[in-house]
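Here is a friendly walk through one protein model, with a few spots picked out for a closer look. Keep the structure open beside the text and follow along.

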Amino acid sequence: MLRTTLAALFAVALVPSVHAQSAQAPAAQVPLIERAKLFGNPSKIAAAISPDGKWLSWIAPRDGVLNVWVAPVGKPDQARPLTAEKTRPIRSVFWAPDSKSLLFVNDKGGDENFLLYGVDVASGTQKVLTPFEKTRVQVVNISRQVKDRILIGVNDRDPRWHDVYSLDLASGKLALVYKNTGDYAGFVADEQLVLRLAVKSRPDGGSDYFRVVKDKVEATPVARVDLDDALTTSPLGFTTDGKTLYWNDSRGRDTAALVAQDVAGGTSRVVAQDARADIASGLFDVRTGQVQAYEVDFLKHEYVALDKDVKGDLDHLKRELKGDFQVRSRTDADDKWIVDLDPVSAPPSTWLYERKGRRLSKLFTARPELEGAPLVPMFPQEIKARDGLNLVSYLTLPKAADPSGSGKAARPVPMVLLVHGGPWARDSYGYRSYHQWLANRGYAVLSVNYRGSTGFGKGFISKADQQWGRKMHDDLIDAVDWAVRSGVTTRDKVAIMGGSYGGYATLAGLTFTPTTFACGVDIVGPSNLFTLLQTIPPYWESGKQQFYKRMGDPTTEEGRALLKERSPLNFADRIQRPLLIGQGANDPRVNVRESDQIVAAMKEKNIPVTYVVFPDEGHGFARPVNNIAFNAVAENFLSSCLGGRAEAIGTALAPSTAQVKEGAAAVPGLQQAAAK
């Protein structure tokens with residue numbers, strides 16, 4: 001737990017834009033962390049080292065927008081920006097294998113039509129490498145062995161399916177490798193950029209893998225993956241010599257193991273497995289492609305070394321770096337690594353590790369403005385659902401409730417149940433801006449890996465099939481009951497909040513269990529499962545059958561009845577508690593209609609709702625000014641509902657594109673802010 005000075009305490013107390021609505025006196029003694037420090041642009045993120053080891057790259061603000069920067073290794077003070085995005089932040093960047101350029105993807109206004117761009121390191125010249133409107137690029141493979149080109153997928157011919165192209169990095173020329181008229185969901189290439197496997201979805205929701213020989217797909221599958229294994233079994237990649245193919249593989253077991261398959265003979269051997277959790281990924285030798293260590297994430301992330309040399313490096317990093325670390329980038333010579341460190345109760349940082357001499361050098365802290373801030377720990381919890389299922393969860397407590405940092409609440413405080421999206425994703429241990437923000441405002445925060453979450457085996461996922469709004473929701477209710485029994489909170493002071501499926505869970509909470517939660521915050525959550533499935537993007541065609549099997553099939557009478565029963569829109573008249581909805585107008589996954597519909601239904605029944613739309617956002621809020629604006633509304637909404645502290649909205653909406661469609665009067669300060 002970090003200390004603060006008396007000067008900092010008085011400085012925060014004197015900021016006129018801050019107001020405290022909590023009756024909990026001890027919480028008021030903790031300095032209030034400004035929203036902008038938590039949700040504004042980071043100082044630097046996403047560092048990577050060039051394959052030749054000469055350059056460092058990262059993403060950092062330029063004129064207030066996240067852009068790509070580069071500097072010579074060892075001379076970060078000579079950094080220069082390579083891109084000049086003016087509105088949409090760049091969030092993903094990677095090195096070309098020849099180290100001469102950096103590649104990044106970006107969309108427009110959150111529409112997720114991602115184009116691929118390249119920028120030359122020496123000249124700064126930028127070009128669009130996939131100049132096709134309303135398309136979404138996929139990277140098929142980037143090899144360390146082939147330096148002058150990469151393989152990508154582009155859906156310009158048919159928006160549902162990606163054709164495979166070879167992209168010449170110097171000229172930008174695209175050469176067709178495979179025209180995907182066979183409805184293949186994806187392809188796997190080896191390190192020589194030769195296509196080796198094609199995958200096709202089956203009507204039962206499973207997948208078949210076909211061998212590709214001389215750019216022709218064979219007729220008979222070489223591997224079959226059933227629905228139960230579909231989210232826990234997939235190829236990871238080939239060794240450099242092409243003789244071994246690594247898989248995450250749950251076939252014949254519950255949790256996904258790391259499996260090595262002999263390509264010629266077809267035999268497989270288990271390299272590593274863990275009964276608690278799936279093997280997530282690993283470290284592979286950059287020269288041979290052989291696995292050196294694997295990663296597993298049960299309560300916390302951990303590396304398990306298989307190679308003695310790498311074991312020495314990982315052991316050294318574990319001794320020297322206090323917190324969870326992950327190796328993010330490596331040179332072709334494998335002499336330098338980029339390592340991210342997450343101390344949880346301090347802002348994450350990034351380090352350069354030189355293997356010779358085992359030398360560590362700190363490159364930067366992602367958010368230096370949070371150094372010394374009153375950040376708090378996170379505590380893994382294992383909560384039992386009513387049917388005995390183990391729910392790995394994460395609890396963050398405000399300092400007032402846990403002054404000693406023990407992870408045990410000294411007294412109950414209001415709580416926010418923060419539900420992850422997906423639902424086929426998971427919450428993990430680490431620094432989380434939403435946990436820190438809400439805890440700083442005086443709330444306990446609980447995130448639950450409910451059934452359907454990934455990482456805990458195929459059985460855990462399959463237990464959620466056709467359980468949207470039922471057993472998946474029961475898990476969340478069981479977690480709330482645990483928090484009440486454990487003295488974390490009281491039953492009348494729990495809010496539910498989340499995005500995507502978490503937004504759906506919020507709507508489900510306020511309709512199916514209308515008196516369980518004191519209020520809810522829904523961010524881009526679907527309200528009608530029929531219209532959700534009708535409007536999914538065309539490039540998700542390959543996953544449609546799996547959606548139907550796991551959610552409900554709209555092509556059958558039984559499936560339609562199920563989807564109707566699980567759609568909160570049909571029960572909007574049951575809503576009794578305050579609701580805040582945030583939506584991106586360009587969302588391709590959860591169409592804006594999902595929020596419009598339930599707002600209209602509530603208005604028809606004279607049920608109050610606050611609704612904020614961002615015309616330049618999609619599935620979530622990528623622009624910091626928009627994220628800050630919505631969170632300004634959200635924390636004042638929660639303050640009026642749960643009694644915690646809030647930084648006043650003030651001028652937070654002014655630089656954003658926020659449109660307050662409904663219910664401004666229900667949130668303190670929103671009516672005034674929206675009028676400016």
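The largest pocket in this predicted model has a volume of about 400 Å³. Which residues lie nearest the centre of the largest pocket? They are H301, E302, Y303, K318 and F325, and the lining as a whole has 15 residues. Strand 24 (301-305), helix 4 (308-320) and strand 25 (324-330) each bring at least two residues to this lining. Of the contributors, strand 24 gives the most, with 5 residues. Sorted by class, the lining has 7 nonpolar, 6 charged and 2 polar residues.

Next, have a look at the aromatic side chains. The structure holds 25 aromatic pairs. One of them is formed by F298 and F456, which meet edge-to-face, with 6.4 Å from centre to centre and 75° between the planes. This pair links distant parts of the chain, since its two members are 158 residues apart. F298 sits in the loop between strand 23 (291-297) and strand 24, while F456 sits in the loop between strand 32 (444-448) and helix 6 (458-462).

Are F298 and F456 buried or exposed? F298 has a relative accessibility of 10%, so it counts as buried, the cut-off being under 20%. F456 has a relative accessible area of 9% and is therefore buried as well.

Elsewhere, an aromatic cluster brings together W424, Y450, W468, Y501, Y504, W540 and F547.

Another buried side chain to find is I33, in the loop between helix 2 (25-28) and helix 3 (35-39). With a relative accessible area of 4%, I33 falls under the 20% cut-off and so counts as buried. If you would like to relate I33 to R319, the two are 286 residues apart in sequence, and their C-alpha atoms are 31 Å apart in space.

The three buried residues discussed here can be set side by side:

| Residue | Relative accessible area |
|---|---|
| F298 | 10% |
| F456 | 9% |
| I33 | 4% |

Finally, turn to a sheet. How many strands does the open sheet with antiparallel pairing have, and what is their order? The sheet has 4 strands, in the order 10-11-12-13. Strand 10 and strand 13 (174-178) are its edge strands, and each of them pairs on one side only. From one strand to the next, the twist averages 40°.

Strand 11 (residues 149-158) is a good place to follow the pairing. To one partner, strand 10 (residues 138-141), strand 11 is joined by 3 bridges, and the two run antiparallel. To the other, strand 12 (residues 161-168), strand 11 is paired over 7 bridges, again in the antiparallel sense. A hairpin makes the connection from strand 11 to strand 12, through 2 residues.

G153 of strand 11 helps to tie these pairings together. Opposite G153 stands Q138, and G153 also stands opposite V164 in strand 12. As for its surroundings, strand 11 is mostly covered, with 7 of its 10 residues buried.

Conventions:
Residues are numbered from 1 along each chain as its sequence is written. This is a predicted model: local features need pLDDT of at least 70, side-chain atom pairs count only at pLDDT 80 or more; totals for chains, interfaces and linings use all residues. Side-chain values use heavy atoms; hydrogens and water are left out. Buried means under 20% relative accessible area, exposed over 50%, partly exposed in between (1.4 Å probe, protein chains only). Two strands pair if DSSP finds at least two bridges between them. Axes are lines fitted to C-alpha atoms, for helices over the stretch in contact, and angles run from 0 to 180 degrees between N-to-C directions. On a 1 Å grid over the protein atoms alone, a cavity is a set of points where a 1.4 Å probe fits but cannot get out, and a pocket is an open set with protein on both sides within 12 Å along at least five of seven lines; lining residues have an atom within 4 Å of a point. Grid points are joined across faces, edges and corners, and a volume is the space filled by probe spheres set on the points. Ala, Val, Leu, Ile, Met, Phe, Trp, Tyr, Cys and Pro count as nonpolar, Asp, Glu, Lys and Arg as charged, and the others, Gly among them, as polar. Rings of Phe, Tyr and Trp (its six-membered ring) pair if their centres lie within 6.5 Å; planes under 30 degrees apart count as stacked, over 60 as edge-to-face and the rest as tilted.
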